[in-house]
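Q: Please take one part of this model and look at it closely, then set it in the context of the chains around it. A connected account would suit me better than a list.

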Amino acid sequence: MTSRCNGWYLVFFTTWSFGAQAGMLFISDERDNKVTVLDSVSLSIIKEIPTGRRPRGIVITPDSTEVLVCAGDDNRIDVIDTRKLAVTRSLNPGPDPETLGLSPSGKTVYIANEDDSMLSMLDRLSGKLLGRIAVGIEPEGVAINSTETLAVVVSESSSMAHFFDPRTQRLTANVLVDSRPRVAEFAPEEHEVWVSAEIGGTVAVIDSQSKEVKRKISFSIPGVRPEFIQPEGIRFLKERKVAFVALGRANRVAVIDTASYEVKSYIEVGRRVWQLGLSPDGTTLYAVNGLTNDVSVIDVASMKLKRSVAVGKLPWGIAIAP
Amino acid sequence: MDSQYLYRRSKEEDVVAAYRALGVASAVLALLALSPAQADPPPAVALRLLYISRQAPPPPRATLSEPVEPHYGLMGAKFALQELNSSGKFLAERYELLTLQVGPTADIHSAAGKAISASQGLVIADLEPGDLLAVADLKEASGALILDARTSDDTLRATGCRSNVYHMLPSWTMRAEALGRLLARKGWNRWLLLSGGTTQDQQFASAFREVAAHNKAVLVGESTFIQAGPDQSTADAIARLTQETLPYQLVIVTDTAERFGAEVLFNTAQPALVAGTHGLSAVAWDPQFRDFAARSVQYRFGLLAARPMTERDYGNWLAVTAFGEAFTRGRVRDARGIETYMMSRGFQVAANKGMGLTFRSTDHQLRQPLLLFGPRSLVGIDHAEAEPGTHESARKCGEKPLQPHSTQPSH
C-alpha cells in the first residue's frame with residue numbers, strides 16, 4: 001500500500017510539475033461514490049477520491065482550483081481541491097442535487113434539485129443560498145451565458161427548457177421540447193441553446209432571443225434501433241463549427257456541422273454514453289460510458305477513437321483541468 | 001405500523017412527514033388560490049378526464065409488510081394529474097380529474113353512462129374486464145376514448161376488442177411470453193403448472209401452455225388450486241398438488257386473486273423455482289424498479305400516497321399521462337382527435353422504461369418492455385414486444401376469433 005501511494009505521488013508530482021501538456025480528468029462514478037482522477041496524457045489513474053453518495057453532476061471552476069460534484073443521496077455538493085485531490089468542503093444545495101452549472105466567473109453555482117423541482121443558486125465560496133426558482137419536474141442540465149444575463153435549466157419529466165434571468169431570478173420563457181430533455185448547452189456565439197431529448201431522440205436548437213425552437217436535429221444510424229438513440233451530453237468545438245452529441249444507448253457520439261445542422265458522422269464509443277468532455281485545446285474529446293464503466297478517448301483531428309480507459313462503476317460526468 | 005412503507009433512501013425516511021407538510025402547504029396554496037388578491041386567474045381547463053372504478057374490499061395481503069390501500073389505481077391517476085398540472089402551469093394548461101366510483105354491487109351502466117355523457121369522453125377505466133366491457137358498450141361511450149388502466153385480459157385484446165378501448169398494461173400472453181423467453185434462455189424447461197380458479201387465472205395458464213408448446217418446454221403436469229381441504233393448510237394443499245412424480249424445475253403459478261400464490265415457494269414437494277403471478281413475474285411496474293428515472297417517480301409517488309406505487313397505480317398513471325401527452329403535443333382535446341394523434345407517428349409516451357411507448361393498431365395494446373422481477377430484484381428487462389412491428393398480425397381490433405387454447409398438458 002505504501003509503495004502504491006508513493007507511486008501515485010510520483011505520477012502526480014511528475015505530471016503536475018513537469019508535464020506541460022498533462023491535465024487531469026475528473027470522472028464522477030455514480031455507483032462507486034467516488035471521483036476517479038486520470039492523467040490526461042498517460043490516462044493512468046492518479047487518484048480515486050471518495051465522495052458523498054451518488055455523485056453525478058461535476059464541474060470545474062474557471063481557475064481550475066476546485067471541482068464541484070453533486071452527491072445527490074447525501075443532499076450536498078462536495079468540493080474537491082484540485083491540488084490536494086481531496087474533498088475539502090461541502091455546500092448545502094437543498095434536496096437531491098443531480099447536476100449543476102457554474103457561472104463563467106465561477107462565483108455562482110446553479111443546482112438542479114431533481115426530486116424537488118427547483119433550481120437553486122448558491123454563492124460558491126460562502127455556500128450561501130442566493131435564491132431558488134420553481135421549475136418543472138426532475139430538473140436536469142443547466143447552462144449560463146457568458147454575461148450571466150440568461151440561463152436555462154431543462155426539466156426531464158415536464159419536457160421543457162426553462163429560461164431565466166439570473167439577476168432577477170425569474171423565469172422568462174418555458175419552451176416545450178421533445179420527451180425527457182437532459183442537457184442544455186449554449187452554442188459558442190450564444191445565439192442558440194441546444195437541448196438534448198433522451199426519449200424524443202432529438203436535439204432542439206432554440207433561438208436565444210426569441211426562445212423558439214428553430215430546428216430539431218434527428219439521428220439515424222443503420223443497424224441501431226431508433227429508440228436506442230438517446231441524445232445526452234453536448235459539446236461545441238468553436239473553431240471547427242462542430243458539435244458533439246452523446247447518443248446514450250446507441251453507443252455513439254454524433255458529429256454535427258453547426259452551420260448546416262447536418263450530422264456528419266458517428267463515432268462508436270462504449271455502452272450508454274452519457275456526458276462528454278473536451279480538452280481545453282480542443283484536440284481530444286472524452287466520452288463517459290455508463291454501462292461499460294469506461295471513458296472513450298477520441299482524437300478530434302481524425303474523429304477516431306484512440307482508446308478506452310476503465311474508471312469506476314456507472315461513470316456519469318466529467319470535468320477537465322488543463 | 002402495518003401500512004408503514006420502508007424506504008431505502010435516507011431522505012425517504014421522512015416521506016410521511018414530508019407528505020403531511022406537503023398537505024399543509026397544499027392547503028395554504030389552495031387558500032391563496034382562492035384569495036381575491038391573486039392576480040392571475042388559473043388557466044382554463046385544457047382536459048377534463050373521467051376516472052371510473054368500482055369500490056371493492058382491499059385485496060388480501062400475503063404479508064404484513066404490504067400496505068392496506070383501498071385506493072389502488074386512483075392514487076396513480078391522481079399522481080399523474082398532479083404531475084400534469086405541475087408541468088402545465090408553465091404552459092398555462094390545467095387538467096381536471098372527475099372520479100366515479102360505483103358501489104361494490106351497483107349497476108355500473110347508468111352511473112357510467114351519465115358520467116360519460118357529462119364529460120369530454122376521455123375515460124380512464126380502472127375496472128375489471130366485465131365492467132370494462134359494460135362501460136365500453138354503453139351508447140354514451142360510443143364516441144368516447146377509454147384507456148384501460150388495469151386489465152391483462154387476453155380476450156379484450158382479441159375477440160373482445162373494442163374500437164373505443166386501448167390497453168395500458170401488458171396482457172397475460174405478453175407476460176407469459178416474456179417469462180418464457182427468459183426461461184428458454186436459462187434452459188429451465190420442465191414446468192409444473194399450478195393455476196387458480198378464476199377466469200383470469202385460467203387465461204394466464206392458457207398463455208403459459210402456448211408458450212410451453214412454442215418454446216419446447218415440457219409441462220410435466222398441471223393442477224388447479226380451488227381451496228385447501230378441511231383441516232388442511234394452504235401450504236399442505238400446495239405440497240399435495242405438487243407431488244408430481246416427474247421431475248420439474250419450475251412451478252408456474254397463476255393466482256391473480258392472491259389465494260395461494262405467495263405460499264408456493266418453499267412449499268412445493270420438489271425443490272423448484274416459482275414464476276408467473278408470484279416468484280419471478282413479468283410486470284409493467286414494481287415498487288422496487290429504479291432504472292430510467294423510475295426512482296424519482298417512486299419517490300414522488302411516495303410523497304403523495306405515503307405507500308409504494310403498485311402496477312395498478314402505474315397503469316392509471318400511464319393512462320392519465322398519455323392523455324396529457326396527446327394534448328400537450330397534439331393540441332387536440334376531443335376523443336377522436338386524441339385517438340388519431342395517439343395512433344400517429346408523432347405520439348409516444350415516456351413511461352420510465354428507457355424508450356417512448358406507442359400503441360399497436362391491431363389490438364390496441366400499448367407496446368412496452370416488460371420488467372422481469374424476482375421478489376427482491378430486477379432479473380431482466382424483456383424488449384421483444386416494445387418495438388413496432390413485432391408480435392403484430394394484420395388482424396384489426398375484434399376481427400378474428402381467438403383460437404381456443406389446448407387444455408391438454410404436454411409431456
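Helix α8 of chain B and its surroundings

A: In this predicted model, the buried residues of α8(B) are Ala294(B), Val297(B), Gln298(B), Arg300(B), Phe301(B), Gly302(B) and Ala305(B). The helix has 12 residues, for which a rise of 1.5 Å a residue gives a span of 16 Å, and because its end C-alpha atoms are 16 Å apart, the length agrees with that expectation. Just after α8(B), the backbone at Ala306(B) takes a positive phi of about 55°.

One partner of this helix is α2(B), since the buried residues of α2(B) pack against α8 (294–305) of chain B. The other elements against which they pack are β1 (45–54), β2 (94–102), β3 (122–126) and α9 (311–330) of chain B, together with β14 (160–165) of chain A. Helix α2 itself covers residues 74–88 of chain B, and its 15 residues reach 20 Å from the first C-alpha to the last, close to the 21 Å expected at 1.5 Å a residue. Of those 15 residues 12 are buried, so α2(B) is largely enclosed by the rest of the structure. The buried set begins with the run Leu74(B), Met75(B), Gly76(B), Ala77(B), Lys78(B), Phe79(B), Ala80(B) and Leu81(B), and it also takes in Glu83(B), Leu84(B), Ser87(B) and Gly88(B).

Both helices also matter for describing where the chains meet. The contact takes 18 residues from chain B and 21 residues from chain A. On the side of chain B that touches chain A, the elements that give two or more residues are α2 and α8 of chain B. The residues of that side divide into six nonpolar, seven polar and five charged.

Within chain B, the assignment gives domain 1 (10–24 + 40–170 + 286–368) and domain 2 (173–283). The C-alpha centres of these two domains of chain B lie 30 Å apart, and nine residues of domain 1 are in contact with nine residues of domain 2. On the domain 1 side of this contact, the residues comprise four nonpolar, one polar and four charged.

Across the interface, chain A contains one helix and 28 strands. Its radius of gyration is 18 Å, close to the 20 Å that the globule rule gives for 322 residues, so chain A is as compact as a globular protein of that length. Its C-alpha atoms fill a box of roughly 60 × 50 × 30 Å along the principal axes, and 53% of its 322 residues count as buried. Among contacts in chain A with a separation of 6 or more, 41% come from residues 24 or more positions apart.

Two places in chain A add local detail. Strands β18 (residues 202–207) and β19 (residues 213–218) of chain A run antiparallel and are joined by five bridges, with Ala204(A) standing opposite Lys216(A) in β19(A). The two strands form a hairpin with five residues between them, and Lys211(A) in the turn has a positive phi of about 65°. Elsewhere, Pro50(A) is found in strand β3 (residues 45–50) of chain A, and it counts as exposed because it has 12 C-beta neighbours inside 10 Å. Leaving aside neighbours within four places in sequence, Pro50(A) is in contact with Asn33(A) and Lys34(A), whereas its C-alpha atom and that of Glu138(A), 88 residues apart along the chain, are separated by 26 Å.

Methods: Residues numbered from 1 in each chain as written. Chains lettered and ligands numbered in written order. Predicted model: local features only at pLDDT ≥ 70, side-chain atom pairs only at ≥ 80, totals over all residues. Helix = DSSP H or I, 4+ residues; strand = E, 2+ residues; numbered from the N terminus. Expected span 1.5 Å × (residues − 1). Buried ≥ 20, exposed ≤ 12 C-beta atoms within 10 Å, placed from the backbone. Contact = placed C-beta atoms within 7 Å. Rg over C-alpha atoms; globule rule 2.2 N^0.38 Å. Nonpolar A, V, L, I, M, F, W, Y, C, P; charged D, E, K, R; others polar. Domains from an automatic or database assignment. Pairing = 2+ DSSP bridges.
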